[in-house]
Every structure is written in C-alpha cells, then in structure tokens.
Amino acid sequence: MSWFTETLYDDWQQRFPISREVFRHKTDFQDVIIFETPRFGRVLALDGVVQTTERDEFIYHEMLAHVPVFGHGAARSVLIIGGGDGGTLREVLRHDVERATMVEIDPSVIDLCREHMPTLSDGAFDDPRAEIVVADGCAFMRESDRTFDVIMVDSTDPHGPGEVLFTAEFYGDCRKRLNPGGILATQSGVPFMQPEELTNSAERLGRHFADAAFYVAPVPEYVGGFMAFGFAPAGGPPQPPAAEDLERRFAKAGFRTKYYTPAIHRAAFALPAFALELIGGR
C-alpha cells in the first residue's frame, strides 16, 4: 500500500494510506490529487496539502456556513470566495437565501469534485439559487460593486493561490462589499500549529472590523488541534446572538445538522488562553 504524506509543515507530518488513486493532475493553478483511504473515504489535496475528506468535511463546512448565517439571522445574499469542492455552498443553500454566489479561481476543482466527490456538493451546483463565477476572488472583491449580507472565505492556507485572501487589503474590500449588519467569516488556520496565521488575521481584520472575533471547531483532517475561524461583523448586534434567538432561528430553518447546534455556536467563541494571547486578548 502506498501513502500520501502531507507537506504543509517542515517538522510535522500526517500520512494517509492510499487504497486507490482516483485522479491526479496539475492544473493551471495547482497540483490536484483525489485518493481513497480506509478511514476518511475520498480525500482532496492541493499542492500536497489536504483540503477536505468525505469523512469529516461536515464539521468544517457546517461551522463556516451556519455560524455567520444564523448569526446574521436574515441573510438573503451570500458570497463564498473559494470553496470549489461545493461543501460550503451546500450548507449555505440549506438556508432560505435568495442567492449564493461562489467565486472560485480554479474551475478544475469544481469539475473534479463534482465528478469524483459528489457527496460534498450534494446537488448544490445545480440549485437555481447558486451562481458560480470562475474568477480570482481577490480581484472580484476589489472590482465588484455588488454587496452581500454574508461573505465567507473558504480558502486554502496562505500559500499559492490562497495567499492574497489573507491580506488587510482583501479584508478591506470585503468590508466594502457587506451590507449594513453584514458578516465576514474566514478560515484562520490551526492556532497551535499556525499561530502566526491567527495573529495576522486578528491584526488585519481589526483594521477594518472593530468587533472582529474568532471561533473554533475540531476538524480531524487539520491536525494539531482545533481550527479557528474569523468572524467580522459590519456593525449590528453583539455576537454571538442570545441563546433563545439562535434556538429560534435554528428551529425555523428546519434542517438537521451533524455537528452544528445553537449551543455549539455560542460555545465555539470561548477561546483558550493561548489563543486569546495570539489575538491580543480579543
């Protein structure tokens, strides 16, 4: 049996046994591999770094999507930057939104995941409310005049094509594209393994969002502890909402989740001391 060894860190490795290599190709932007494993099902890796697995993707996608959408409470227009596998789009479209726009730089990721990992999108790409834009997310934010209630940055780590999606300039453009009371949510790395990513995100988000905060969730495929997400509201009520408000919104939505609950939503904003130190006590 061959093994896939992730290359994210120089001094730490995780390995997956490959039951079968499903697809491998270098696109115009990155090296893509999809392979099967005994424990995690099919796995997508880009440039040697695991992006998602069939087994645990629901944790990441539910927390990236439902925390800002339920936190907003009345989102009608949602923008996803990245997210070519379709998992975040799938979760957003479980809500009563009018339109979910996804901007992905590499169309090959969309096509490959639709063909080889279809459970991730689960039909989301064919939903009439879905708008798929093949473009550079950073350029889209800078040049577009459209506004949204919620923006989610479902990006790779800050290397390669995803690097520009972690800059203060990009966050400033996101702020301009939010409607009053809108919310920006971002993936902000694994604090124990990538402390500088959380620190940088806090400083850069803080330049444009006075009430930027962070929440966490344990995603097994992202080794080293829980993953952090940025949460940046453009004004509006304090976050997270009151428990009774979240319970009411969740009940009204009428769908079942595998990880997210209103109680998890509120608890996820309680950060350990070392993470609070990394973000300057925010």
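In this predicted model, helices α1 and α8 lie roughly perpendicular to each other. That description follows from their geometry, because an angle of 65 to 115 degrees counts as roughly perpendicular, and α1 packs against α8 (residues 243-253) at about 110°. The axes of α1 and α8 are 9 Å apart. Two values are given here because a pair of packed helices is described by the angle between the axes and the distance between them.

The contact itself can be followed residue by residue. From α1 come F70, G71 and H72, and these meet L246, R249, F250 and A253 of α8. By character, the residues of this contact comprise four that are nonpolar, two that are polar and one that is charged.

Helix α1 spans residues 57-72, and the loop between α1 and β7 (77-82) holds A74. Residue A74 has a relative accessibility of 48% and therefore counts as partly exposed. In sequence A74 is separated from G182 by 108 residues, yet in space the C-alpha atoms of A74 and G182 are 9.7 Å apart.

Strand β7, at the end of that loop, also belongs to a sheet. This sheet is open and has seven strands, arranged in the order β9-β8-β7-β10-β11-β13-β12 with mixed pairing. Its edges are formed by β9 (130-134) and β12 (213-217), each of which pairs on one side only. From one strand to the next, the twist averages 20°.

In general, the strands of a sheet pair through backbone hydrogen bonds, in either a parallel or an antiparallel sense. The pairing of β8 (residues 99-104) with β9 is parallel and extends over five bridges. Within this part of the sheet, E104 stands opposite V134 of β9. Helix α7 (residues 195-206) packs on the sheet, where it touches β11 (178-187), β12 and β13 (227-233). The direction of α7 makes about 145° with that of β12.

The cysteines remain to be considered. How many disulfides does the model contain? The count is zero. For C138, the closest cysteine sulfur is that of C174, and the two sulfur atoms are 8.5 Å apart, which is too far for a bond, because a disulfide requires cysteine sulfur atoms within 2.5 Å. Is C138 buried or exposed? With a relative accessibility of 14%, C138 counts as buried, because the limit for that class is under 20%. Another cysteine, C113, has a relative accessibility of 0% and so counts as buried.

Notes
Residues are numbered from 1 along each chain as its sequence is written. This is a predicted model: local features need pLDDT of at least 70, side-chain atom pairs count only at pLDDT 80 or more; totals for chains, interfaces and linings use all residues. Side-chain values use heavy atoms; hydrogens and water are left out. Helices (H or I, at least four residues) and strands (E, at least two) are DSSP runs, numbered from the N terminus. Buried means under 20% relative accessible area, exposed over 50%, partly exposed in between (1.4 Å probe, protein chains only). Axes are lines fitted to C-alpha atoms, for helices over the stretch in contact, and angles run from 0 to 180 degrees between N-to-C directions. Angles under 35 degrees count as roughly parallel, over 145 as roughly antiparallel, 65 to 115 as roughly perpendicular and the rest as oblique. Contact means heavy atoms within 4.5 Å. Ala, Val, Leu, Ile, Met, Phe, Trp, Tyr, Cys and Pro count as nonpolar, Asp, Glu, Lys and Arg as charged, and the others, Gly among them, as polar. Two strands pair if DSSP finds at least two bridges between them.
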